[in-house]
Amino acid sequence: MRKNLITIAMGMVFVLGGCSAQSGDTPQTQAKANMVTQQNADKVLLHLSPLQDQAPQFDKIVSADYLPAFSLGMAQHDTDITKIINNPAPASFDNTISAMETSGALLSRVSRMFFNLSGLISDDEMLKIQDTILPELTAHEDNIYLNRDLFARIETIYQDKDSLKGEQKRLTELYYNNFLRAGAKLSLGDKTKIRDLNTSLAKAGADFSQNVLKSFKNDVILVTDKSQLLGLSADEIASLAAAAKSTGREGYMITLVNTTRQPILAKLSNRQLRQKIWQASTDRAMDTNGPLAIKLAQLRADKAALLGYPNWAAYTLGDQMAKTPDAVFAILDDLVPKAIAKAGAEAEDIREEMTREGANFELQPWDWAFYAEKVRQQKYNLDENQIKPYFEFNRVLKDGLFYAMNRLYGIEIKPRIDLPVWQEDVMAFEVFNQDGSSIGIFYLDPYARPGKNGGAWMDEFVTQSGLLGTHPVVYNALNIPKPAAGKPTLMTFDEVTTMFHEFGHAVHGLFSEVKYPSIAGTATARDFVEFPSQFNEDWDINPEVIGHYAKHYQTGEPIPTELLNKILKSHKFNQGHDTTEYLAAAILDMEWHSIAPGSSIDNVEAFEHKVLAKHGIDYAPVPPRYKTSYFNHSFGGGYSAGYYAYLWTEVLAADAFSYMDQTGGLTLENGNKYRQAILSKGNSQDLMGDYMHFRGSKPTTDALLKRRGLKD
C-alpha cells in the first residue's frame, strides 16, 4: 500500500508539493512566527537535516518539538502564500504555481516527520499531538484552497495553459482542478459549510484510525493452556510467549493482523480457539468505529453534494483513471460470478477434506484456512513448515529482492549503519545506480509491534524534486511477527510477496526524475499508484530469483527442485477465496460512498449484508477482507471509494508483467525500459499514455484472470 501521510492525517490536507494550507499573513502572525523562531532556534525539526539527502535525525527528535514546529511552519507558510497573492506582477507559472511548489517547506518537513512516525511508533503523546494539530491544519488547508485572490491567479494561468508545455502544463491543470474540487468557486456561505465539513471529517477520520490502532493493542487473545496451540511450531509458540511477556502478561498472546483473515487460523487445530480469534477479528472496534463509519459516509455524501456531485464515490473518482462509479462497479461485478464459482469449488474440496476427517459441522469462516491448508497439502504435498526454513528474512531481502532489483535495474543497495533510525529493528540503506551514482536512501521497518499500524505500506520522508534539488528518502513498513530472541525470522510466502510488493512502491519513489514535487514519485492517481507495487510482486516467483534466495537457513542448501515446483504450482491455490474477499471489501467501500446525502443507516452489519447481497457476493464462508469497523483504507486512510484500485492496477500489472515475460523477462534492457517509461515519470504525464508508451497498447484483463487462476 502507498500511504499518503497528509491524507491519512486529515483526509487530504494538501496534495500539492510543499504546500499544506494558508490563512493569510498579518503583523500578528508574523510576530508569532518571530517569537516561535527565537524560542526554538536550536530545535532539530526547524532546520534541514545535515545528513545525506536530508535523511532525518531520528535520534534527536522529541515529541515536545512537534507542536512548536507545526506552529512556526504554518506561520511561515502564511508568509510565503501572502507574498504570492500580493505579487504586483501579472500571474505567471513561475511567480505563482512554481512559487507554491517551494512554499511551506518547514510545514511539509514537519508534517512528513510527524505523520510518518505516528504510524510507526505511536503512543499516547503522539495521539494527543494529532488531536491538537488536526483542526489547525484543516483550517490552514481550507484557507488556501478557498482563498479567492489566490485562485484568481491560478485561474489566469490555467486559461492560458496551452502556452505551457510538459510538466508545467500538467501541474497547472492539477492545481486548477484541485482548487475547483476543494470548493474555490463556491459562495461564501457554502465555503463556510465546506470548512465545517472538513473539520468534522478530519476529526472523525483521525478518531477512526486511532480506534483501529488501539484495537491492535487491546483486542488480543490470551491463551493460558499451551495444549490449545496444537498445530504451531515450538518457535511460533515461543514467539507468542515472548509477546505476552513483553506486555506483562502470562501465557501466550495472539495479536491480530489488520485483515479479517488471520494467518494463524491455518495452523490451529483447536476449533474453539479458531472461532474465538476470528470473532475477535471481525468484531473489533465495532462499538467505536461502527457509528463513526456511518458518520463519515454521511459527511462525505454531504460534502460531495455541496460540490455538485451525487455522492462521494462520484466526487472521488472524478480525478482518477476510472472516472465514474459505474466503471468501477462494472469491473467488480464482472468478476464476482467468476470468483464466487471458484470459491465454491474450493469450498467443495474443503468439505471433502472435512468429511475425511470426520468433521460434523458446517464450514465456517474460521475453518476455511485450516482445512484449505490440508487441501493444499493433499493437492501439492506441500506443508508451510517445509517452506519457511527456505525463506529466512535476510536471505530473502538480500539474495531475493535486492538481487532481482539488481538484475532488472542494475542498482546496488548497501547498508548505511551510520544513519539513525526510529526503532532498533529498522534498517537503513543507500541505493546506487549501475554507474555508482547515488539515487537516495531506503529504510525498512520489518516487524510488528505495539504502537505500529497494521498491514504494510510505503511512504517518503523526502520527495525527489529537480526544482528543490532533493533526492528521495523512502521507507517500507511491514508487519512480520518478530521471532523469540536468538531465533531466525522465517517468512511465509505471503510475507515474501508483501516484501516485494512494497519495494515496488519504493522504486517508484526512488526512480522519480521529475522537476516539481507535487507530481513526482508516487504522487499519482490512486488507481495507478498500486501498479508498480503489484508488478513487482511476481519477481518473487521468477525461477532465477527464487532459486537464488530460497535456501535453507541452517544448511544453505538450495530449495529442492521438487519443493520449488510445488510452490510455483500452488501459487494460484485458494485464489477464488482471495478474490472473493477482496471484491467484497471493494464493493463495501464503493457502496458506503455511493449513499445519497441524507441517507439514514442504523445498523452497520445490516448495511453490509444488504449491499453484498445486491452484488451477489454475500457468501458466508468468505467474509470481506475488511469489514467496516476496521476498514482503515476506506474510512481512516486515503482510499475512500478507492479500494477498487488494487484490482484496477492489477490489470495493468499483470498485463505489463506478461508483456515483459514475452520480451525476455528479468533483463536490464526490460528493466530500464520500464523504469524510464513508468517509474521515472511520476504524474508528470498522462498515466495511460505512459503505460501505452511502455506496452505499445492498452491493457486487457486476460493476464489478470490467469494470474488469479480464474482462467486457464
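Tutor: An angle between helix axes counts as roughly parallel under 35 degrees, roughly antiparallel over 145, roughly perpendicular from 65 to 115, and oblique for the rest. The model above is predicted, with local features needing pLDDT of at least 70 and side-chain atom pairs counting only at pLDDT 80 or more, while totals for chains, interfaces and linings use all residues. Residues are numbered from 1 along each chain as its sequence is written, and side-chain values use heavy atoms, with hydrogens and water left out.

Student: How is the packing of helix 3 and helix 7 described, and at what angle do they pack?

Tutor: Two packed helices are described by the angle between their axes and the distance between the axes. Here helix 3 (residues 66–85) and helix 7 (residues 148–159) pack at about 55°, with their axes 9 Å apart (axes are lines fitted to C-alpha atoms, for helices over the stretch in contact, with angles running from 0 to 180 degrees between N-to-C directions). Helix 3 and helix 7 are therefore oblique to each other.

Student: Which residues of helix 3 and helix 7 make the contact?

Tutor: Helix 3 contributes Ile-81, Ile-84 and Ile-85, and helix 7 contributes Asp-149, Leu-150 and Arg-153, where contact means heavy atoms within 4.5 Å. By class, the residues of this contact divide into four nonpolar, no polar and two charged (Ala, Val, Leu, Ile, Met, Phe, Trp, Tyr, Cys and Pro count as nonpolar, Asp, Glu, Lys and Arg as charged, and the others, Gly among them, as polar).

Student: At what angle do helix 19 and helix 26 pack?

Tutor: Helix 19 (residues 526–537) and helix 26 (residues 668–679) pack at about 165°, with their axes 12 Å apart, and helix 19 and helix 26 are therefore roughly antiparallel to each other. Their contact is made by Phe-528, Phe-531, Pro-532 and Phe-535 of helix 19 together with Tyr-674, Ile-678 and Leu-679 of helix 26. In this contact of helix 19 with helix 26 there are seven nonpolar, no polar and no charged residues.

Student: Why is helix 19 described as largely enclosed by the rest of the structure?

Tutor: Buried means under 20% relative accessible area, exposed over 50%, and partly exposed in between (1.4 Å probe, protein chains only). In helix 19, 12 of the 12 residues are buried, so helix 19 is largely enclosed by the rest of the structure; among the buried residues are Arg-526, Asp-527 and Glu-530.

Student: Where does Gln-320 lie, and which residues does Gln-320 touch?

Tutor: Gln-320 lies in the loop between helix 13 (312–317) and helix 14 (325–356), and Gln-320 is buried, with a relative accessible area of 8%. Not counting residues up to four places away in sequence, Gln-320 touches Ala-525, Arg-526, Asp-527 and Tyr-644.

Terms used. Helices (H or I, at least four residues) and strands (E, at least two) are DSSP runs, numbered from the N terminus.
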